[in-house]
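Colleague: I'm new to reading protein models, so could we walk through one together? I'd like to ask about its empty spaces and its packing.

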Amino acid sequence: MPPLCINAPMVQVETVKWTGGPDGVLDLLDQRLLPECVERLECQTPHQVYEAIRTLAVRGAPAIGVAAAYGVCLALRNKPADAPLEESKALTAQTALYLAASRPTAVNLFTALNRIRDLAQTFEGSTAQLKVALLNEANAINCQEQQMCRDIGRHGVPLVPDGGAVLTHCNAGALATTGIGTALAPLYLAHRQGIRFTVYADETRPLLQGARLTAWELTQAGIRTVVVCDSMAATLMQAGRIQAVFVGADRIAANGDTANKIGTLGLSILARHFGVPFYVAAPSSTFDLSIAAGSAIPIEQRHADEIRCLNDKQITPPQAEVYNPAFDVTDAQNITAFITEHGILRPPFSTSIAQTLSQQKVHNE
Ligand code: MRU
């Protein structure tokens, strides 16, 4: 095994942070402003969290789940300790429902909110105690996501090509989680172990998560990063310059079909064509066993201006229409393996996913 480079920097990002006790605030790194400005956004109300998720100030499947869980805690912020419990429970349920409407595709959002809702539903005690219990649950979700990232990283390290290059799409790094990322976690740990590789980061139109966010966090960790336009993946693979593709996921159906950032499907087809291994890294909170196949995953449609405008300037003729789905679904048959906190899952995925994940409590119905 290569030597551990103790001095190799690890990514240091606090994407989602709760500050204070049960009446505290939610402090987010505002990802809309990166990489130019590193600014934080303080949320004191569920509505502010809803807007932060909708506008992608906080984004990435695991990160929005954690942010939403804390967002529910904000509903009871400053509520008197002796307020009637039933009223507080009703407000909790109503807020969870409200936050669930912020984005439709990433299942982590619903899994986290349903955990909070389920806890409140059966809670007995005072409003003051409910506030503490909700915050503890949100903290638990946060800690579990962090641990799952570390475990994904550990399992994924052997898949990182020493001396080669990997291609990634969108941002499935620290910024998309509350830990060291999903698809980028094996890369951070491999880099720390002295494995040397290059990361090609797709810029990821239209919102440029790859160019702005992935490149920002990888370069800070000292990992060689080359930003490419989305349309360059085929030529890179054809030239033999990519040894593996690592991407994250927003929702994975029981058969392994995977929703991720728009463009992932095309990459998976290219990888298959050129014989490049295609890995999807995701925690168990991203699997939705209630959905049999990818065609049932809801795909978010976003505002046309994201495509029409560049730097606030319209670049398309006014008569031109725009189509802007935020995600696509990759067929399970294009996926070489899933990297999860439980280990590497290989085909047939219906079996390996069921065997690995059916034990866990399902919160996403
Ligand atoms: O629209 P975004 O930026 O939230 O999309 C994020 C992605 O598609 C990520 O790849 C996915 O959430 C995995 S994050 C670990």
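Modeller: Happy to! Keep in mind that this is a predicted model. Let's begin with the cavities.

Colleague: How many cavities of 30 Å³ or more does the structure hold?

Modeller: Rolling a probe the size of a water molecule over the atoms shows where empty space is left. Counting the cavities of 30 Å³ or more in this model gives 2.

Colleague: How much space lies in the largest cavity?

Modeller: The lining of the largest cavity is made of 21 residues. The space inside the largest cavity comes to about 190 Å³.

Colleague: Which element gives the most to the lining of the largest cavity?

Modeller: Nearest the centre of this cavity lie Arg 59, Gly 60, Ala 61, Asn 171 and Asp 250. Two elements, α2 and β9 (258-261), each supply at least two residues of the lining. The one that gives the most, with 3 residues, is α2.

Colleague: Now the packing. Which element supplies the largest share of the largest nonpolar core?

Modeller: That core has 40 residues, and those with the most contacts inside it are Val 16, Leu 26, Leu 28, Val 58 and Tyr 70. Several elements give two or more residues to it, among them β1 (16-19), β2 (25-29), α2 (61-75) and α5 (127-156). The largest share, 11 residues, comes from α2.

Colleague: How many residues are in the second, separate core?

Modeller: Let's look at one residue of the largest core before moving on: leaving out residues up to four places away in sequence, Tyr 70 touches Val 16, Trp 18, Leu 26, Leu 135, Ala 138, Asn 139 and Asn 142. The second core is separate and includes Cys 149, Leu 184, Phe 197 and Tyr 279. Its number of residues is 27.

Colleague: What kind of aromatic pair do Phe 338 and Phe 349 form?

Modeller: The structure holds 5 aromatic pairs. A pair of aromatic rings is described by the distance of the centres and the angle of the planes. For Phe 338 and Phe 349, the centres are 4.8 Å apart and the planes are at 75°, so with over 60 degrees as the cut-off the pair is edge-to-face.

Colleague: Where in the chain are these two rings, and are they buried or exposed?

Modeller: Phe 338 is in strand β15 (residues 337-340) and Phe 349 is in helix α11 (residues 349-357), 11 residues apart. Ring pairs also link both of them with Phe 287 into a cluster. As for Phe 338 and Phe 349 themselves, each is buried.

Note on methods
Residues numbered from 1 in each chain as written. Predicted model: local features only at pLDDT ≥ 70, side-chain atom pairs only at ≥ 80, totals over all residues. Heavy atoms only, no water. Core = buried A, V, L, I, M, F, W, Y, C linked by side-chain atoms within 4.5 Å. Buried < 20%, exposed > 50% of the residue type's maximum accessible area, 1.4 Å probe, protein only. Helix = DSSP H or I, 4+ residues; strand = E, 2+ residues; numbered from the N terminus. Contact = heavy atoms within 4.5 Å. Phe/Tyr/Trp six-rings, centres within 6.5 Å; stacked < 30°, edge-to-face > 60°. 1 Å grid on protein atoms, 1.4 Å probe; cavity = no way out; pocket = protein on both sides within 12 Å on 5 of 7 lines; lining within 4 Å. Points joined across faces, edges and corners; volume = space filled by probe spheres on them.
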